[in-house]
Amino acid sequence: MKEFIRKISASERLYLTGAQLYPPFCIRMVIESDHSIAIKQLQKAVSIASKRHPNSRLILVKKGMHSFWKDSGIDPPVISLPKSSEKEFSSKMNSAIDAPIDYKKGPTSSVYQIQNATSFFIIFKVFHGTMDGKGAISWVNDVFRALKKETIIGATSTLTDEGFLKTTSPKNSFRKNYPLNATPAIKKETRYKTDDIATQTVIKLPGKHTAIVARLIHYFLKKGKINRFMIPVDLRKHVTNIQTGSNFSNPIFFETDDSKDLEWKDIYVDLIEQLAEKKELQTGQYDTIFHYLPVVFLNYIQKKLQKKQINNSSFMLSGIISHMGKIELQNFSFDNFNPKGVFFYPMHLPNIASSFVISENNHQTYLGISVPSKLADSKDLSLSLKNFKLQLSQDRIKNTKPSVIEGNKKNDFPYQSIDKWLFEEVKKHPKKIALREGNSNTTYEKFYSDLSAIANALATNYQPKGTIIAIHSKRSSYLIKSIFAVIKTGAAFLLIDDSYPKDRVTYMLNDAKVTLVITDQLMTYPEGVQKIKINDFKYDNFRNEKNEIPTRNNELAYVLYTSGSTGKPKGVCVRTESLLNYLNWSINYLSKDQTANLALFSSISFDGTLDNIFPLFSGGSITLYPEPFDLDLLSRIIHNPNINAVKLTPAYLKLISLIHIRATHSIQSIYVGGEELTRSIVQNTFKNFGNHITIYNLYGPTETTISSSYLKIDYTTNLSKKSVSIGTPIDNTKIYILDKNLQIVPRNKIGEIYISGAGVSFGYLENLLLTRKSFIKNPSYPDEILYKTGDLAILDDNDLIHYRGRNDHQIKINGVRIELPEIQHAILNTPRLEDVSLITEETRQDNENTKKIIIAFFTPKNINVGDIKKQIASQLPKYMIPSKFIGLDKIPYTKNGKVDRKQLLKISKKIVKETKVPIPSVLNSKELNLLVIFSEILKIDKNEIDREDSFNDLGGDSLGMLFLLDRIEKELIDTKNIKKWKEKISLVIQTPTIKKIGKLLNQI
């Protein structure tokens, strides 16, 4: 390889003098992460990258009267410092960043790895006399490419800014020569008696900020004084096919002596105009003189000038602002080393009062500042930057109303213990009915006595406090008693639906480290898990009139598993305080006008179940329905005189409207959640239930405890949009609409919903990485935790939030949250299966509503679909099983390496048309009627349906099945045969094909 040697440029000769005044005169790039990199791996990567970045390992050599930089051939040292306490860390960090670099011996860079109590830091140092900031970033990028065994780009050109400008700078076009008359950007009135060293600090600003250089200049302008700032501009944009790591920048300037009416926008326009005119290509008239002055003499002159400027508080420049640009954090990731931030320590230069350095990455901006210590100390700098940070926040909201809204602040919970609160309700009305199940009623007195007996049994035979106890049960009074019994013991409960496959149940128990299950199921649980058969429980053996009533419950109330993007369900850990807050709000708002008597008929593994328990804290009741949900059950619920409130998804409200169930006046309140609510559904609900009802549109992810916002709708509510608003936050809850940089967006602009407040849960059980990803610190208020929902929304001028869909692969089907990657992982476990990809397809049901189905594509295509279904049936609930499976030779990908979802959608429609068998001419009249019903419910062309196709395989779901059964009953069954038809329904559900249903109809 050709020897790397280049002449020192004029600016670099000045930098050598700067190293004498403000050592170590290095660019110091710091990467912060939760993990470290093995030192040997890092050393090897640094060695590989540095060979292609000779500027990182130069040595100063002389040839006659001239000085040169030459590749020393010595790899930069990589030094690992031992873990430090918080007290030791600051001094160790300073010793690393301030350690000198001997450019006369080489190499001109070094790497340090240091650790404090919470983070690891890798510090890349390069001597500014040989490399600029962009060159340093290029070198570090290649270090991480070497770690990942990717192609090294390198920077081997000897071209410098001086060499480039000699051929490019306009002739006889020089920038101004500036006198020593600029006022310092930062100056303390009281002068510090210290050695002439630089004071430096770095702060983090939330998000990214438009025109931050102009804003920074504007903030530090001194009225009535001469203000002059220098902004280095990277010249690499003017060259192509040249990779150089040398100093390769030239400045533009901003100067004013009248800042009275100047706005930051004026400064921004000035800088943009200079760049448009390519003012960065201008040189100083006397720049080349530095080639001919000895470095010793330059040192002497610079030292005298610096002293004079500091003493007179009058400088050539008020400040220099170096913007390192946007830095992509993913470029610096490797294995478990995932960077949290990348920033630069500022470096002070002669003739300049203040040095600023800016770097942006992901959702944050770092700002570093350095001044001579006689002008300011670290407290002065911190205060200046803190005030600048405040100014940025004020500017952001100055002319626009921000998209942030907060619910009422209420801390007046009746009790700090759920058990104590329930006990007080028992004392108020012991003989009132709390639970209804079939023909059996349970009073508050009996209910509390039974749950206390269960709690006593748990406390006597086990050590439940602080543990997680699973409840695996159907919807019954046993379930409700068990929930409150577990709470009473100081344990947390985990609800498991009785319809879940065994493998999923086993995973949840193992993941939550459950050792005790309260159950009414016959399932065999994993070894080491004990069980209490609650349906055989002997209450009288454990009754104790002197029940201990805890004044405060365990901090963890319950764990609820939701679909997981990593391929496994994840356990959400909900705090007792969060549940108390929701119960208190529910009582004050959802049952403010009357005591609520609710129906519980949904799956117990969704937090909607817990939404049904609040009536027990205000003298209300719960009616339990353990049987599977069908049209008959739905009709019985809304006609039950003991039920005055019901929770339903929009899909079920639509079903009620379509099948024309007319409710009695007993229903007063309807709580809606799980899916987007439309205006037409609301209007039809008032028609079906009467204008007296109140509808509550509830929104909230499991991670923020049941519901986070609500909209109260009565018959007079003006619904101007097709989609109904999700309202405003509940008590002690704050909702932000943020952009991708975690900045608050203006009103009526779309952004992502972030939620803070009392409802935010602890995070995900035994999953710190996922918790940190979704539960983040508010950049503006680090003590506030925000939950990143992934839901998009706008906040309008009337303080109403409007849902606008998702920004990821999470979907909802019939109100149930589903992560597609979990389904994908389950399918991939099928033997011989190589690749799988999922898409969702929407079919329009009417003018405002669509139906969503999941389609799975897999390779190789000769794998039997039945084998795949058998494989995933043991891992996934039925609602997560894809509606369609399509085998392919290969999954299509885009040029960027991503799955081509548009192509998959086209393939789906094409394959359906090509593979369907034409409608047999032998279809009898009943089968033809069934074909029409199938087609209209599934929104599929009749020619795409075979008489032996399963309704479920064609995209039907549980709700669609209800539509199917209802239409068959109304259109194909005589009134006198309704009873016989009811007897056949179970067979229809088992084999829902046109052929099978047709045979069953002929038997009636």
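# Close-up views of a predicted model

The structure holds 37 salt bridges. The model is a predicted one, and the views below show some of these ion pairs together with strands, cores and single residues.

**View A. A salt bridge joins aspartate 98 to arginine 28.** The closest N and O atoms of this pair are 3.1 Å apart. Aspartate 98 belongs to helix 3 (residues 86-98) and arginine 28 to strand 2 (residues 26-33), so that distant parts of the chain, 70 residues apart, are linked. Aspartate 98 is partly exposed, with a relative accessible area of 37%. Arginine 28 is buried, at 3%.

**View B. Lysine 481 and aspartate 450 form a salt bridge between helices 12 and 11.** Here the closest N and O atoms are 2.8 Å apart. Because lysine 481 lies in helix 12 (residues 477-489) and aspartate 450 in helix 11, the pair ties together parts that are 31 residues apart in sequence. Lysine 481 and aspartate 450 are both buried.

**View C. Aspartate 889 and lysine 861 form a salt bridge between two loops.** Their closest N and O atoms are 3.6 Å apart. Aspartate 889 sits in the loop between strand 41 (884-887) and helix 21 (901-915). Lysine 861 sits in the loop between strand 40 (850-859) and helix 20 (865-873), and the two residues are 28 residues apart. Both aspartate 889 and lysine 861 are exposed. Elsewhere, Lys446, Asp450, Lys481, Asp540 and Arg543 are joined into one network by salt bridges that share partners.

**View D. Strands 1, 4 and 3 make up an open antiparallel sheet.** The sheet has three strands, in the order 1-4-3. Strand 1 (5-7) and strand 3 (58-63) each have a single partner strand, so one side of each edge strand is left without a neighbour in the sheet. Neighbouring strands are turned against each other by 30 degrees on average, direction ignored. Strand 1 is joined to strand 4 (residues 66-71) by three bridges, and the two run antiparallel. Lysine 7 has phenylalanine 68 of strand 4 as its bridge partner.

**View E. Strands 24 and 25 pair in the parallel sense.** Four bridges connect strand 24 to strand 25 (residues 621-624). Alanine 599 stands opposite threonine 623 of strand 25. From strand 24 (residues 597-600), Asn597 and Ala599 point one way, whereas Leu598 and Leu600 point the other way. These four residues are all buried.

**View F. Phe484 and Leu616 have the most contacts inside the largest nonpolar core.** This core has 71 residues. Helix 11 (residues 444-461) gives the most to it, with nine residues. Leaving out residues up to four places away in sequence, phenylalanine 484 touches Ile418, Leu422, Phe447, Leu451, Ile613, Leu616 and Phe617. Another core, of 58 residues, lies apart from the largest one and includes Leu648, Leu677, Leu931 and Met961. In soluble globular proteins, nonpolar side chains tend to be buried together.

**View G. Cysteine 26 and cysteine 573 are buried.** Cysteine 26 has a relative accessible area of 0%. For cysteine 573 the relative accessible area is 8%. With a cut-off of 2.5 Å between cysteine sulfur atoms, the count of disulfides comes to zero.

**View H. Leucine 905 of helix 21 is in contact with Ile839 and Glu841.** That contact list leaves aside neighbours within four places in sequence. The C-alpha atoms of leucine 905 and glutamate 841 are separated by 7.6 Å, although the two residues are 64 residues apart along the chain. Leucine 905 counts as partly exposed, at 28% relative accessibility.

**View I. Threonine 365 is placed in strand 14 (residues 364-372).** At 0% relative accessibility, threonine 365 counts as buried. Not counting residues up to four places away in sequence, threonine 365 touches Ile203, Lys204, Leu205, Gly207, Lys208, His209 and Ile212, and also Ile358, Ser359 and Glu360.

Note on methods. Residues numbered from 1 in each chain as written. Predicted model: local features only at pLDDT ≥ 70, side-chain atom pairs only at ≥ 80, totals over all residues. Heavy atoms only, no water. Pairing = 2+ DSSP bridges. Axes fitted to C-alpha atoms, helices over the stretch in contact; angles between N-to-C directions. Buried < 20%, exposed > 50% of the residue type's maximum accessible area, 1.4 Å probe, protein only. Core = buried A, V, L, I, M, F, W, Y, C linked by side-chain atoms within 4.5 Å. Contact = heavy atoms within 4.5 Å. Salt bridge = Lys/Arg side-chain N within 4 Å of Asp/Glu carboxyl O.
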